[in-house]
Amino acid sequence: PLWKGRSFPLEACVSGWAMLNGKMAIIPDIYDDPRVPQDAYRPTFVKSMVMTPVRPDDPIAAIGAYWAETRQPTAEEVMKLELIARATATALENASLYASLTEAVSHRDGLIAELDHRVKNVLASVMSIASQTLRGATTPDAFRQSFNGRLMALSRAHEMLAQKTWSEAPLAAVVEEARRPFGPGRAGAFAASGPDLRLSTEAASALLLSIYELGDNAQRFGAWSTPDGRVDLSWRVDHEAQPPAFHLSWRESGGPAVVDPGSRGFGGRLIETGRARPPAGSAKLDFAAGGLRFELRAPLSERIRLAG
């Protein structure tokens, strides 16, 4: 090694000159060329040299050949050095390409596994919805309407999440997507408000289905079944709780008198005890005389968090 353990600025060595200029440096006499740092070469045997950049268009290295005598390299020697530099560039490119392909294959395998997981979750959800809807349906037509509505709600949840590239979804967007089947609504029939919160894909899908069930119930039996009924949906963060907690409230008013049915259908079970309830959280339906109420509480976590 000529300069083992030493380093030189790119602008102060011949290899640097070859890389910066993207061309070969042919130096028959190192002591007669200003590109050569004389003090660095004086203790060495080198009298002449050729320095070839690796990948001239976008240099990443340089290969040098040194002679212990002053001489003009032959055309064959210059060509061989160029070939060595090209082979080196190809080898480095192949190594980089191999690393990229390995990463791409690993990424592909991860995507396939994730897709498999999501498809299984969707199928499990559809099977559960079908089974539970069938259990509570009184006629084939009633089953069809309920099942189709729930399936479309699940489809909208997945469409929304796909548009977000299966990342977090804003709670406000989840609410808007959930109430879309019920039309723009009458003036003043619906109001939603709350801070900017982000939901994980699982939490977004579960909450969208729950809000859809609440809306469907409101349209058939509750506030939205009468001209003067309205729904107020709000959410907030209780910063005094430890840990800080998310609180969502659905309140109906102006509708027909409410009576607790006692037993819960699939929609009620989904809202109160199913996927809508986050871990360590609580969900409760209250059949108050003035209108149905739903309260959902959960600690802030990776599933539900403040934006920013």
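The secondary structure of this chain, taken from a predicted model, comes to 7 helices and 11 strands. The chain has 308 residues, and 34% of them count as buried, where buried means that under 20% of the relative area of a residue is accessible. The surface that the chain exposes amounts to about 17,400 Å², and carbon and sulfur atoms supply 56% of that area. If we take the contacts between residues with a separation of 6 or more, 59% of them are made by residues 24 or more positions apart in the chain.

A good place to begin looking at the individual elements is helix 6, which covers residues 201-220. This helix has 20 residues, and the distance from its first C-alpha to its last is 29 Å, close to the 28 Å expected at 1.5 Å a residue. Of these 20 residues 15 are buried, and therefore helix 6 is largely enclosed by the rest of the structure.

Just before helix 6 in the numbering comes strand 6, residues 197-199, which belongs to an open sheet of 3 strands with the order 4-6-11 and antiparallel pairing. The edges of this sheet are held by strand 4 (169-170) and strand 11 (304-306); each has a single partner strand, so one side of each is left without a neighbour in the sheet. Between strand 4 and strand 6 there are 2 bridges, in the antiparallel sense, and if you follow Pro170 across to strand 6, you will find that its bridge partner is Arg198.

Further along the chain, strand 7 (residues 230-238) and strand 8 run antiparallel and are joined by 9 bridges. These two strands form a hairpin, with 6 residues lying between them, and one pair that can be picked out across the hairpin is Ser234 with its bridge partner in strand 8, Ser249.

Strand 8 also pairs with strand 10 (residues 291-299), again in the antiparallel sense, over 7 bridges. Here Trp250 stands opposite Phe294 of strand 10. Strand 8, which spans residues 245-253, is mostly covered, since 7 of its 9 residues are buried. When you look along such elements, it helps to remember that in a regular strand the side chains alternate between the two faces of the sheet.

Note on methods:
Residues numbered from 1 in each chain as written. Predicted model: local features only at pLDDT ≥ 70, side-chain atom pairs only at ≥ 80, totals over all residues. Heavy atoms only, no water. Pairing = 2+ DSSP bridges. Helix = DSSP H or I, 4+ residues; strand = E, 2+ residues; numbered from the N terminus. Expected span 1.5 Å × (residues − 1). Buried < 20%, exposed > 50% of the residue type's maximum accessible area, 1.4 Å probe, protein only. Contact = heavy atoms within 4.5 Å. Areas by Shrake-Rupley, 256 points an atom, 1.4 Å probe, with all protein chains shown as cover.
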